[in-house]
Amino acid sequence: MSFLERVDQTIRRSAVWRSLFRQPYPNDERSRAYAVMNNVFLHIHPVRVRQHAVKFAYTFCLGGLSFFLFLVLTVTGVYLMFYYVPSATQAYSNILAIQSEVTFGLLTRNIHRWGAHLMVFFVFLHMMRVFYHGAYKPPREFNWVVGVVLLFLTIMLSFTGYLLPWDQIAYWAITIGTNMGGYAPLFNTPAKLILLGGIEVGQNTLLRFYVLHIMVFPLLAAIFLAVHFWRIRKDGGISGPL
Amino acid sequence: MADTSTPPERRVVLPVDPTRRTEIDKQRVPMSARPYRLLALVKQDAVVRVQKEPDDTVMTWPHLLSIEFLAAAMMSIFLLLLGLFVNAPLEELANGNVTPAVAKAPWYFLGLQELLAYFHPTVAGVLVPTFVLVGAAVIPYVDRGNPTATRPSERKTAVVLFTLFCILGLVLTFVGIFFRGPGYGFAIPYVNTPGLHFAL
């Protein structure tokens, strides 16, 4: 037995390892079923799934990849938060510092930006996929509604994040975006005032969008994601084949 | 393994008169050979008919998890390469007094901004997005056709309407992204404007 094999054996036999993984590496159906059932991250899945559901061309992994992008954005976003102050006088210089001084700052910001656009795109595609499969039909009607809420939250997450670099693109994109929404006839002025915290995009807007972006919308999205995943299982798993 | 420490149970199988051997006797074997006992024999169509539907399922581990892992890995590599080679846009500091020549909303709102060029802001900014979101949410309650009809050929109306709507949205967004220049006027990129007026 080579040295590496002995190290491997020692680790696998240690009390810590065996308390962490209660079963050995799953090699047969029974232990694989246990591995999925007993793992907090994997038990989102059933032990067995229908054959057509694992075909790539059925789902194109669109929903899963949307969720994966949500996780990537959470991780990169938390890292960016360490170096960002939502202040009209500091935000822009913070972005410059993130790009030039922070370790992997530029890469993290790039991934956060592209990941955000990709997530909006993938959620759109996921929605189209679900429609064309007729997967919103009973008993999955309400999960479709939850999905529409998640689409709205995804767009709002992207939109609120768009302002944070506090450059000309951000400023004028948000100005136009909020101008369009500000025409709601019933609550015209209040709606825009509440959203912007003033009559035009300014410090209050930046703070509001920041709080919405890093706290309110991610929390709401996490709650609705939990409901979304839970209902997939409760509504009888993934929809049937075409 | 606790049960290996005790010696295996030795059972004596009494010989049975060959003429009186029943089916159960034929199946009887020493415990050392088989660790289970035959309790009863159920002939087909006897008492309970076991209905077994054809099993079209596969194990989540490894069939589903390997695909998910692969998809996540590919996406990670793609994002990493994108982040390494394409920088996120950043222009100069926000200034409310300097209106840029081309001011556009984020791309997913450009369809709405395009509508703004034709309709009153109340329509383009409030009514249409509300209609789209609420309309999307009530699709399952409007489409009350045969719930088992999932093939596109079985639900042509829904598929055609949805596809038309998607194409309309895509065309509007596409025009907003590529064919709108200074002052949000119509412009063909690279022909009568210098390059694309679009930031992601």
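Chain B of this predicted model is built from 6 helices and 1 strand. Reading from the N terminus, its elements go α-β-α-α-α-α-α, which puts the strand between two helices. Of the 200 residues in chain B, 14% are buried. If you take the contacts in chain B between residues at least 6 apart in sequence, 38% of them link residues at least 24 apart.

**Where the chains meet**

Chains A and B touch through 67 residues of chain A and 60 residues of chain B. On the chain A side, the elements that each put in at least two residues are α3 (29-38), β1 (48-50), α5 (62-81), α6 (91-100), α7 (105-132), α8 (141-163) and α9 (168-181). The top contributor there is α7(A), with 13 residues. Sorted by character, the chain A side that touches chain B has 44 nonpolar, 13 polar and 10 charged residues.

The two chains also share strand pairing. β1(A) runs antiparallel to strand β1 of chain B (residues 57-59), and the pair is held over 3 bridges. One of the residues involved is R50(A), whose bridge partner in β1(B) is T57(B).

**Domains of chain A**

Chain A is assigned two pieces: domain 1 covers 1-48 and domain 2 covers 51-234. Taken over C-alpha atoms, the centres of these domains in chain A sit 36 Å apart.

What about G77(A), and which helix is it in? G77(A) belongs to helix α5 of chain A. Outside its neighbours within four places in sequence, G77(A) makes contact with H112(A) and I214(A). G77(A) is classed as partly exposed because it has 19 C-beta neighbours inside 10 Å, while a buried residue needs 20 or more. H43(A) is another matter: G77(A) and H43(A) are separated by 34 residues in sequence, and their C-alpha atoms are 27 Å apart in space.

**Backbone oddities**

Most residues other than glycine have a negative phi, and most peptide bonds are trans. Here are some spots that go the other way.

| Site | Feature | Value |
|---|---|---|
| P138(A) to P139(A) | cis peptide bond | omega about 10° |
| W61(B) to P62(B) | cis peptide bond | omega near 10° |
| C61(A) | positive phi, not glycine | phi near 55° |
| F104(A) | positive phi, not glycine | phi about 60° |

Take the cis bonds to begin with. P139(A) sits in the loop between α7 and α8 of chain A. In chain B, P62(B) is part of helix α2 (residues 60-85).

Now the positive phi values. C61(A) is placed in the loop between α4 (56-59) and α5 of chain A, and F104(A) in the loop between α6 and α7 of chain A. Is C61(A) buried or exposed? C61(A) counts as buried because 20 other C-beta atoms lie within 10 Å, and 20 is enough for that label. F104(A), by contrast, has 13 C-beta neighbours inside 10 Å, so F104(A) is partly exposed; the exposed label would need 12 or fewer.

Methods:
Residues numbered from 1 in each chain as written. Chains lettered and ligands numbered in written order. Predicted model: local features only at pLDDT ≥ 70, side-chain atom pairs only at ≥ 80, totals over all residues. Contact = placed C-beta atoms within 7 Å. Helix = DSSP H or I, 4+ residues; strand = E, 2+ residues; numbered from the N terminus. Nonpolar A, V, L, I, M, F, W, Y, C, P; charged D, E, K, R; others polar. Pairing = 2+ DSSP bridges. Domains from an automatic or database assignment.
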